[in-house]
Amino acid sequence: MQHQIQQSVARQKDRRPQRGRGEVMGAKMASATRSALYDKHGREIMVGDILKVFHFIGRRNKHHFMFKQVMREQKLGKGVEDYFYISHLNFRDDGYHLHRDGSVLGDYEIVQSIDAQFDRRPRIDPKEPRP
């Protein structure tokens, strides 16, 4: 399994356009990456990423978060749609799927990746309307 994740990361590195740190992609580039998901900062979510997900606001306005990991890409449905399988980081096999439809996930933030270069990934403007 670890070997599959490493191979997937190596393929993604080859496809990634080289840009400066924190540079924002234009609308044309963003519309071309339709089968992707983005965190709240506009960075593309990829296999192997650890995600910090907002859970609830508790007493004294304390924000609680959960941590998840993107385990693999999967094709589901009759139209063969792209999905990510997300693990809850526990010992059970009870994750969930996120549809890769080009949306920005406002409650998700990438906090770690396999190659530790997630902060250098190209960004989209999360506030810009998506087609």
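Reader: Before we look at strands β2 and β3, what makes two strands count as a pair?

Author: Two strands pair if DSSP finds at least two bridges between them. Keep in mind that this model is predicted. Here, β2, residues 63-76, pairs with β3 in the antiparallel sense over seven bridges.

Reader: Which residue of β3 stands opposite K75?

Author: That is D82.

Reader: What holds the strands of a sheet together?

Author: In general, strands of a sheet pair through backbone hydrogen bonds, and the pairing can be parallel or antiparallel. In this structure, five strands make an open sheet in the order β4-β3-β2-β1-β5, with antiparallel pairing. Strands β4 and β5 are the edges, since each pairs on one side only. From one strand to the next, the twist averages 45°.

Reader: Now the loops. Where is L89, and is L89 buried, partly exposed or exposed?

Author: L89 sits in the loop between β3 (81-87) and β4 (96-99). Buried means under 20% relative accessible area and exposed means over 50%. L89 has 44%, so L89 counts as partly exposed.

Reader: Which residues share a nonpolar surface patch with L89?

Author: F65, F67 and V111 do. Together, the four residues F65, F67, L89 and V111 have about 340 Å² of accessible area.

Reader: Let me try D115. Is D115 buried or exposed?

Author: D115 lies in the segment after β5 (108-112). Its relative accessible area is 15%, so D115 is buried.

Reader: Which side chain does the side chain of D115 contact?

Author: The side chain of S113, through a polar contact of 2.9 Å.

Methods
Residues numbered from 1 in each chain as written. Predicted model: local features only at pLDDT ≥ 70, side-chain atom pairs only at ≥ 80, totals over all residues. Heavy atoms only, no water. Patch = residues over 30% accessible without salt bridge, like charges linked within 9 Å, V, L, I, M, F, W, Y side chains within 5 Å. Areas by Shrake-Rupley, 256 points an atom, 1.4 Å probe, with all protein chains shown as cover. Salt bridge = Lys/Arg side-chain N within 4 Å of Asp/Glu carboxyl O. Helix = DSSP H or I, 4+ residues; strand = E, 2+ residues; numbered from the N terminus. Buried < 20%, exposed > 50% of the residue type's maximum accessible area, 1.4 Å probe, protein only. Polar contact = N/O pair within 3.5 Å; in protein donor to acceptor, adjacent residues only side chain to side chain. Axes fitted to C-alpha atoms, helices over the stretch in contact; angles between N-to-C directions.
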